[in-house]
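Let's take a friendly walk through this model together. Have the sequence and the 3D view open side by side as you read.

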Amino acid sequence: MPLKTKFTEVFGVEHPVAQGGMQWVGRAELVAAVANAGGLGFLTALTQPTPADLHNEIVKTRELTDKPFGVNLTILPAINPPPYDEYRQVIVDSGIKVVETAGSNPAPHLPMFHDNGIKVLHKCTSVRHAVKAQRLGVDGISIDGFECAGHPGEDDVPGLVLIPAAAAKIEIPMIASGGFADARGLVAALALGADGINMGSRFMCTVESCIHHNVKEAIVAGDERGTELIFRSLRNTARVASNAVSRQVVDILTNGGQFDDVRDLVAGVRGRRVFDEGDIDAGIWTVGSVMGLIDDIPTVGELVSRIVTQAEQIITAQLPGMVNLAVDA
């Protein structure tokens, strides 16, 4: 029996599992595989160098799946920002029906997306931001706990607390992100009040993920201690893999350094080399502490099927058995 939640109903997918946008990772092959497996996958708009390239990647994805998928549009402050309006126009013109927004207030984007029948899933790292996004009119929330890869915010609240705290105030569909890799996590998220899970690091480590096999093997070999928190002193915390570069960045900033002192170390082009060439120490690369729960490299179809099937077994067999034992006792 499929797991039906507010998330699956509102966003039109079979399973309450999403693959959020990931820079350099959210490409056609992975997104289509997630869609074909019954989940909701997101192309990452800014992985594509130009809006025209995003259009081509959407076309490529549609050649690989006839199921729903979305596009992630992360808006971040920059001295020379990308042409966000042009990326947004491509999303609309391409007939995409779900967008994941992140990085800043989604309000400027909602009228255009909603006028074109596009549902917006907004990524937040705090209850207060989730409540504000709900009030602005987004269609769903992705709530990121402190365990997550990338930017976990500055409140340091783990999912075990953040998810139920948000669920108490959020009425629209809400999926949980940060620390999820298997059926146990899905069941836990549902029990905490979420309507599904969003996985990044776990989907990185699949056959269809475009990143170099060396990176996938590093994730499998790693454990829950294998990340670093960089930019803490700059109030722009990011969770990344622990390697020679990230440890150097932490050391420089801990000893009073500023962003200019680490700019070259954290350059995006170096991080992309990790994913493209497989040199684990070439630069900064993003992964969550959930690395400690990842021990294989399955196809996306195998992964989603395993998670959903085992979650159903836990819900229908294991948990009721515990209740019966308590009654018998």
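At a relative accessibility of 18%, does Trp 24 count as buried or exposed? Trp 24 counts as buried, because its 18% relative accessibility falls under the 20% limit used for that label. Please keep in mind throughout that this is a predicted model.

**Backbone turns worth a look**

Trp 24 sits in the loop between S1 and H2. Its phi is positive, about 75°, although it is not a glycine. As background, most residues other than glycine have a negative phi. Phe 231 also has a positive phi without being a glycine, with a value near 65°. You will find Phe 231 in the loop between strand S9 (227-230) and strand S10 (238-241), and at a relative accessible area of 10% it is buried. Gly 38, just after H2, has a positive phi too, of about 100°.

Here are the three side by side.

| Residue | Phi | Place |
|---|---|---|
| Trp 24 | about 75° | loop between S1 and H2 |
| Phe 231 | near 65° | loop between S9 and S10 |
| Gly 38 | about 100° | just after H2 |

**The barrel**

Now turn to the strands. Eight of them form a closed barrel in the order S1-S2-S3-S4-S5-S6-S7-S8, with parallel pairing. On average, neighbouring strands of this sheet are turned by 25° against each other, direction ignored.

Two of the pairings can be followed residue by residue. Strand S1 (residues 17-19) and S2 run parallel and are joined by two bridges; here Gln 19 stands opposite Gly 41 in S2. Further along, strand S6 (residues 140-144) pairs with strand S7 (residues 174-177) in the parallel sense over four bridges, and Asp 144 stands opposite Ser 177 in S7.

How many of the five residues of strand S2 (residues 40-44) are buried? Five of the five are, and the strand is mostly covered. Both of its faces are covered: Leu 40, Phe 42 and Thr 44 are buried on one side, while Gly 41 and Leu 43 are buried on the other.

**A helix across the strands**

Helix H2 (residues 28-36) lies across S1 and S2 and runs at about 165° to S2. Seven of the nine residues of H2 are buried, so this helix is largely enclosed by the rest of the structure. The buried ones are Ala 28, Leu 30, Val 31, Ala 32, Ala 33, Val 34 and Ala 35.

**Two helices packed together**

Two packed helices are described by the angle between their axes and the distance between the axes. For helix H3 (residues 51-64) and helix H4 (residues 84-93), the angle is about 25° and the axes are 9 Å apart. That angle makes H3 roughly parallel to H4, and their crossing is right-handed. On the H3 side the contact is made by Pro 51, Leu 54, His 55 and Ile 58, and on the H4 side by Glu 86, Tyr 87, Val 90 and Ile 91. By type, the residues of this contact divide into six nonpolar, one polar and one charged.

A last stop is Pro 49, in the loop between S2 and H3. Is Pro 49 buried or exposed? Pro 49 counts as exposed, because its relative accessibility is 63%. The C-alpha atoms of Pro 49 and Pro 82 are separated by 9.1 Å, and these two residues are 33 residues apart along the chain.

Definitions and conventions: Residues are numbered from 1 along each chain as its sequence is written. This is a predicted model: local features need pLDDT of at least 70, side-chain atom pairs count only at pLDDT 80 or more; totals for chains, interfaces and linings use all residues. Side-chain values use heavy atoms; hydrogens and water are left out. Axes are lines fitted to C-alpha atoms, for helices over the stretch in contact, and angles run from 0 to 180 degrees between N-to-C directions. Angles under 35 degrees count as roughly parallel, over 145 as roughly antiparallel, 65 to 115 as roughly perpendicular and the rest as oblique. A crossing is left-handed if the near helix is turned anticlockwise from the far one by less than a right angle, and right-handed if clockwise. Contact means heavy atoms within 4.5 Å. Ala, Val, Leu, Ile, Met, Phe, Trp, Tyr, Cys and Pro count as nonpolar, Asp, Glu, Lys and Arg as charged, and the others, Gly among them, as polar. Buried means under 20% relative accessible area, exposed over 50%, partly exposed in between (1.4 Å probe, protein chains only). Two strands pair if DSSP finds at least two bridges between them.
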